[in-house]
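Grab a pencil and open the viewer. Here are a few exercises to help you find your way around, each with a solution worked in steps.

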Amino acid sequence: MTNPTATTSVPRRPAVLFALGFRPFYLLAAGLAAAWIPLWVMVWHGHFVIPNGFSPVGWHTHEMLFGFTSAVLVGFLLTAIPNWTGRPTVSGLPLAGLAALWLAGRMVMLAGAALPWQVVAAVDVAFLPLAAASMLPPLVATRNRRNIAFPFVLMALALANLVLHLDAAGIAPLGAEATRAVLGALMVLLVIMGGRVIPFFTKNRLPAAGVGRSERLDTLATAAVVLAVVLSVAAPLTPASGLAAAVLLVVRSIPWRPLAARSVPMLWVLHAGHAWIEAALFLHAALDFGLDLPASAPDHAFTIGGIGVLTLGMMARTARGHTGRPIEATRMMIAAFTIINLAAIVRVFGPIAVPEFQVPAIGLSGLLWASAFVLYLVEYVPILLGPRVDGRAG
């Protein structure tokens, strides 16, 4: 008699992990977020030295942009492109290779002083162009013009990453401009993607709320953000552009019915992330108008609030959806969503309210940020390593 269990196919964890892009890259991004920020707090307080060619602040900024954010972006795009095109993106060994390259970049950035800067730059910069190249075939084959720009944006980010390495090596002193350009490009990306998914998800979940979306407002708001971003690099003292962009983002979000989403955590976290982008632009304008605010307040409103809150919300939502699970937030994830917003509030508004709170705010905000991603890992490691609950591939 044949043993029935001998023919049962049980996916191995390594095979499942590299079945689709969100699995390894959400795992890596959350792990980095949970580990690197406490490390940065230790560096900030002088308890640890990062042995590489970057300044401590430069290393921290680089790793949050080209470590954490890049991993989330690549994981999201590799997962979304099959939905957009009906064709698969990389999986298996090629996907494992991309993940290994990202990880190698983190290692050389952590201890790059023992290597020539050219080697550090080559290893670190290579990830985004290769990830972009892996996304192009399905987009080109299906003539998907609506989304074809995303791989080219990744390549542009890679170029900015190279500029940061050249700056750290003392060859091209353009690090500040490159960082500003990267933050601006990411803001434009999140504004575009948020304008697509936030009203769509809200309307699907709350059909009676009367959620709407204006293409004209979307276009105006996005154009205003692009203008504000360009001027922030080319002509920083232009407060009217940032203020106009902030106001237009608020106006375009009104038809999305953000207040109606307050009882649905998987929705309110996305609306909150969008609101943090608005806050960042308002704070940029306030600084340019001469208000006495910490210079880092707008950037932390965008990075901790805009990037952090939106990415955590999307990582939670898409990981459940693409593993066949109900798109509902557990108590653990509601806590994570709340904590990461608290991290942004403490880091941005703590020093504004109490200037002497600047140093404690860094430590407390870092602890809150790391705690949010630890909670994500506790809940989502089994999900990311396990097969879909509906038995489908992916």
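Contact here means heavy atoms within 4.5 Å. This is a predicted model, where local features need pLDDT of at least 70 and side-chain atom pairs count only at pLDDT 80 or more, while totals for chains, interfaces and linings use all residues. Residues are numbered from 1 along each chain as its sequence is written, and side-chain values use heavy atoms, leaving out hydrogens and water.

**Exercise 1.** Find out which residues His-60 is in contact with, leaving aside neighbours within four places in sequence.

Step 1: go to helix α3, where His-60 is found. Helices are DSSP runs (H or I, at least four residues), numbered from the N terminus.
Step 2: look for contacts, and you'll arrive at Ile-37 and Trp-40 for His-60.
Step 3: check the cover. His-60 has a relative accessible area of 15%, so it is buried; the cut-offs are under 20% for buried, over 50% for exposed and in between for partly exposed (1.4 Å probe, protein chains only).

**Exercise 2.** Work out how α3 runs relative to α6.

Step 1: get the axes, which are lines fitted to C-alpha atoms, for helices over the stretch in contact, with angles from 0 to 180 degrees between N-to-C directions. For α3 (residues 56-85) and α6 (residues 127-141), the axes come within 10 Å and cross at roughly 10 degrees.
Step 2: name the arrangement. That crossing makes α3 roughly parallel to α6, a label for angles under 35 degrees (over 145 is roughly antiparallel, 65 to 115 roughly perpendicular, the rest oblique).
Step 3: see who meets whom. Among the residues in this meeting are Phe-66, Val-74 and Ile-81 from α3, and Phe-127, Ala-131 and Leu-139 from α6.

**Exercise 3.** Now do it again for α5 and α6: at what angle do their axes cross?

Step 1: the axes of α5 (residues 117-125) and α6 come within 5 Å, crossing at roughly 25 degrees.
Step 2: α5 and α6 are therefore roughly parallel to each other.
Step 3: at the meeting point, Val-123, Asp-124 and Val-125 of α5 touch base with Phe-127, Leu-128 and Pro-129 of α6.

**Exercise 4.** Which residue forms a salt bridge with Glu-63, and is Glu-63 buried or exposed?

Step 1: recall the rule: a salt bridge needs a side-chain nitrogen of Lys or Arg within 4 Å of a carboxyl oxygen of Asp or Glu. The whole structure has nine of them.
Step 2: the partner of Glu-63 is Arg-106, with the closest N and O atoms 2.7 Å apart. Glu-63 sits in α3 and Arg-106 in α4 (residues 92-110), so this pair ties together parts 43 residues apart in sequence.
Step 3: Glu-63 is buried, at 0% relative accessibility, and Arg-106 is buried too, at 2%.

**Exercise 5.** Pin down where Trp-268 lies and what it touches.

Step 1: Trp-268 lies in helix α11.
Step 2: with 22% relative accessibility, Trp-268 counts as partly exposed.
Step 3: skipping residues up to four places away in sequence, Trp-268 touches Ala-261, Arg-262, Phe-337, Thr-338 and Asn-341.
Step 4: for a sense of distance, Trp-268 and Ala-121 are 39 Å apart in space, C-alpha to C-alpha, and 147 residues apart in sequence.

Key: Helix = DSSP H or I, 4+ residues; strand = E, 2+ residues; numbered from the N terminus.
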